[in-house]
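Trainee: I am new to this structure and would love a close look at one part of it. Could you walk me through a single loop and the strands around it?

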Amino acid sequence: MARYLVGSLSTAGEGVRLSATEVNGALGLLARAGGKPVGVLVPETSNGRISGIRIIANPDKLRLSHSGGLSGS
């Protein structure tokens, strides 16, 4: 799943780095620009298939936890 998302978003833009990370206990894809988080994608799954994708770009919700993952509200 993460490989699919990274491949799909490989054209995210110059200077944007993508990495897999934990987001509220789920696997997500973090986009950083200039070392700062700018967005995260979290796939929702059902029966082993992607059924939806949450996109979070609100700067107030992009707080890094101590473990290096994202914690949201």
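Mentor: Happy to! Let's start at asparagine 47, which is exposed, because its relative accessible area of 79% is over the 50% cut-off. This residue sits in the loop between β3 and β4. Its backbone has a feature worth a look: asparagine 47 has a positive phi of about 55° although it is not a glycine. The loop belongs to the hairpin of β3 and β4, which has two residues between the strands.

Before we go further, please keep in mind that this is a predicted model. The protein chain averages a pLDDT of 76, and 68% of the residues score at least 70. Our hairpin includes the element with the highest mean pLDDT, since strand β4 (residues 49–56) has a value of 88. At the other end of the scale is strand β6 (residues 70–71), with the lowest mean among the elements, 54. Where pLDDT is low, the predicted coordinates should not be read in detail.

Now let's place the hairpin in the whole chain. The protein chain has one helix and six strands, and from the N terminus on the order is α-β-β-β-β-β-β. Of its 73 residues, 22% count as buried. Contacts between residues 24 or more positions apart make up 23% of those with a separation of 6 or more. The accessible surface is about 5100 Å², and 50% of that belongs to carbon and sulfur atoms.

Back to the two strands on either side of asparagine 47. β3 and β4 run antiparallel and are joined by seven bridges. As one example of how they line up, leucine 41 stands opposite isoleucine 55 in β4.

The two strands are also linked through side chains. Glutamate 44 forms a salt bridge with arginine 54, and their closest N and O atoms are 2.6 Å apart. The pair links distant parts of the chain, with glutamate 44 in strand β3 (residues 36–46) and arginine 54 in strand β4, ten residues apart. Side chains of opposite charge can pair when their charged atoms come close. How many salt bridges does a search of the whole structure find? The search finds one. As for how open the partners are, glutamate 44 is partly exposed, with a relative accessible area of 32%, while arginine 54 is exposed at 52%.

Strand β4 has something else to show you. Ile50, Ile53 and Ile55 make a nonpolar surface patch of about 280 Å². One of these, isoleucine 50, has its place in strand β4. Why does isoleucine 50 count as partly exposed? Its relative accessible area is 37%, so it falls between the 20% and 50% cut-offs.

On its other side in sequence, β3 is part of another hairpin. β2 and β3 pair in the antiparallel sense over five bridges, with alanine 31 opposite glycine 39 in β3. Here too there are two residues between the strands, and glycine 34 takes a positive phi near 65°.

Two leucines in β2 are good to look at side by side. Leucine 29 is found in strand β2 (residues 26–33), and leucine 27 lies in strand β2 as well. Is leucine 29 buried or exposed? Leucine 29 is buried, because its relative accessible area of 4% is under the 20% cut-off. Leucine 27, with 42% relative accessibility, counts as partly exposed. Both can be related to valine 42. From leucine 29 to valine 42 the distance is 6.5 Å, C-alpha to C-alpha, with their positions 13 residues apart in sequence counted as the step from one to the other. Leucine 27 and valine 42 are 15 residues apart in sequence and 6.7 Å apart in space, again C-alpha to C-alpha.

One last stop takes us to the start of β2. Asparagine 24 lies in the loop between β1 (16–23) and β2. Asparagine 24 has a positive phi of about 50° although it is not a glycine, and at 53% relative accessibility it counts as exposed. That brings us back to where we began: asparagine 47 also has a positive phi, of about 55°, without being a glycine, and it too counts as exposed, at 79%.

Definitions and conventions
Residues numbered from 1 in each chain as written. Predicted model: local features only at pLDDT ≥ 70, side-chain atom pairs only at ≥ 80, totals over all residues. Heavy atoms only, no water. pLDDT = per-residue confidence, 0-100. Helix = DSSP H or I, 4+ residues; strand = E, 2+ residues; numbered from the N terminus. Buried < 20%, exposed > 50% of the residue type's maximum accessible area, 1.4 Å probe, protein only. Contact = heavy atoms within 4.5 Å. Areas by Shrake-Rupley, 256 points an atom, 1.4 Å probe, with all protein chains shown as cover. Patch = residues over 30% accessible without salt bridge, like charges linked within 9 Å, V, L, I, M, F, W, Y side chains within 5 Å. Salt bridge = Lys/Arg side-chain N within 4 Å of Asp/Glu carboxyl O. Pairing = 2+ DSSP bridges.
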